[in-house]
Amino acid sequence: MTNELREAIRGVRDRLDLADRRVGATTERTNVLEQLTGADYISLGALFVGWASALLFVRGEPNWALLAMFGAFLLDKADGWYARRTGTSSPFGRQVDSFIDIFAYLVPAALLYHFVLAPHVLASLVVGFLVLAFGGLRLVRHNEEGFGSDGGASYYHGTTVVHTNLLVVANYFVAVLVGWWNGWLIGLVVAAACPLMVSDYKAYKTDSTHVLAGLAAVAAVGLALGLEFGYL
């Protein structure tokens, strides 16, 4: 064996030595699991249910998928309530919550359009991209800027991923119940609404808006069950 070959083998072995790849116990190291709070575990529960929703869309069960999605919606609201009640809100927790929002709201909205509403794969490509891209940018900006304040009232900068999700869901029910409303029109409406997530629109965070969002979710659950069991 030549010296060149020995050096090459030694270099490969050194690169594969996992002991040198581990982060040492320093103050800069972040132990993710140790930072998780009860609110974060609720958020992870929302991720689990959101993933179940995605699988149901893929399996062609949109109404059950919507029910699972609204379960994720409920858990997403519960984690914020729990964090405020226990005083465990933190920048890390807000990052976790935004990560979960991608799978609780954006991915189900894109899958609902793709598997149920899209008239062509190119329409799904464009609409799904816009939902995910603008929604992701909206979450990044919110983590960077936080809430705005206007006369003591807090507001989101731009429309939220919840608004976009509910828009797609509403269009699904309209398409099912109103024959002439089709995937092309829905695609135009959703595509036009996506940039609003990174706009300067002030979406105020009030008790009334939370109540309206809850009522919309309850109505959507009723419609989904009605469609699934043939009442509508």
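Helices here are DSSP runs of type H or I with at least four residues, numbered from the N terminus, and it is in these terms that Phe 70 and Phe 73, being three residues apart in helix H4, are separated by about one helical turn. The model is a predicted one, and the account below moves from this aromatic pair to the nonpolar core, then to individual helices and finally to the strands and the annotated spans.

The rings of Phe 70 and Phe 73 have centres 6.4 Å apart and planes at 80°, so the pair is edge-to-face, the angle being over the 60 degrees that this class requires. Both residues are buried, Phe 70 with a relative accessible area of 8% and Phe 73 at 12% relative accessibility. Ring pairs link these two residues and Tyr 105 into a cluster, and a search of the whole structure finds eight aromatic pairs.

Phe 70 also leads into the largest nonpolar core, which has 37 residues and in which Leu 66, Phe 70, Leu 112, Val 169 and Phe 173 touch the most other members. At least two residues of this core come from each of the helices H3 (38-58), H4 (62-86), H5 (91-117), H6 (121-145), H7 (161-177), H8 (183-193) and H9 (207-228), and H5 gives the most, with eight residues. The surroundings of Leu 66 give a local view of this packing: when residues up to four places away in sequence are not counted, Leu 66 touches Phe 57, Leu 112, Val 169, Tyr 172 and Phe 173.

Two polar residues can be followed in the same way. Asn 165 is found in helix H7 and is buried, with a relative accessible area of 3%. Apart from residues up to four places away in sequence, Asn 165 touches Met 69, Ala 104, Tyr 105, Pro 108 and Ala 109, and one of these, Tyr 105, belongs to the ring cluster with Phe 70 and Phe 73. Ser 98, for its part, has its place in helix H5 and is likewise buried, with a relative accessible area of 7%. Leaving aside neighbours within four places in sequence, Ser 98 is in contact with Leu 139 and Asn 143, while the C-alpha atoms of Ser 98 and Asp 76, residues that are 22 places apart in sequence, are 9.9 Å apart in space.

Leu 139 brings the reader to helix H6, in which Leu 139 is buried, as are Ala 123, Ser 124, Val 127, Gly 128, Leu 130, Val 131, Gly 135, Arg 138, Arg 141 and His 142. The buried residues of H6 pack against H5, strand S2 (153-157), H7 and H8. H6 has 25 residues and reaches 36 Å from its first C-alpha to its last, close to the 36 Å expected at 1.5 Å a residue. Just after H6, Gly 146 takes a positive phi of about 75°.

What is the salt bridge that Asp 150 forms? Asp 150 pairs with Lys 202, the closest N and O atoms being 3.5 Å apart; Asp 150 lies in strand S1 (residues 148-150) and Lys 202 in strand S3 (residues 202-204), so the pair ties together parts that are 52 residues apart in sequence. The structure holds one salt bridge. Asp 150 is partly exposed, with a relative accessible area of 32%, and Lys 202 is also partly exposed, with a relative accessible area of 33%.

Helix H9 contains Leu 223, which counts as partly exposed at 28% relative accessibility. Leu 223 touches Phe 173 and Leu 232, not counting residues up to four places away in sequence, and Phe 173 is among the core residues that touch the most other members. The C-alpha atoms of Leu 223 and Asn 63 are separated by 8.7 Å, although these residues are 160 residues apart along the chain.

Finally, the UniProt annotation "transmembrane region", taken from an unreviewed entry, covers residues 39-58, 121-140, 180-199 and 211-231. Over residues 180-199 the chain is 55% helix and 0% strand, with the end C-alpha atoms 31 Å apart. The span 211-231 is 86% helix and 0% strand, and its end C-alpha atoms lie 26 Å apart.

Technical notes
Residues numbered from 1 in each chain as written. Predicted model: local features only at pLDDT ≥ 70, side-chain atom pairs only at ≥ 80, totals over all residues. Heavy atoms only, no water. Core = buried A, V, L, I, M, F, W, Y, C linked by side-chain atoms within 4.5 Å. Buried < 20%, exposed > 50% of the residue type's maximum accessible area, 1.4 Å probe, protein only. Contact = heavy atoms within 4.5 Å. UniProt positions renumbered as here; feature names shortened; annotations may be inferred. Salt bridge = Lys/Arg side-chain N within 4 Å of Asp/Glu carboxyl O. Phe/Tyr/Trp six-rings, centres within 6.5 Å; stacked < 30°, edge-to-face > 60°. Expected span 1.5 Å × (residues − 1).
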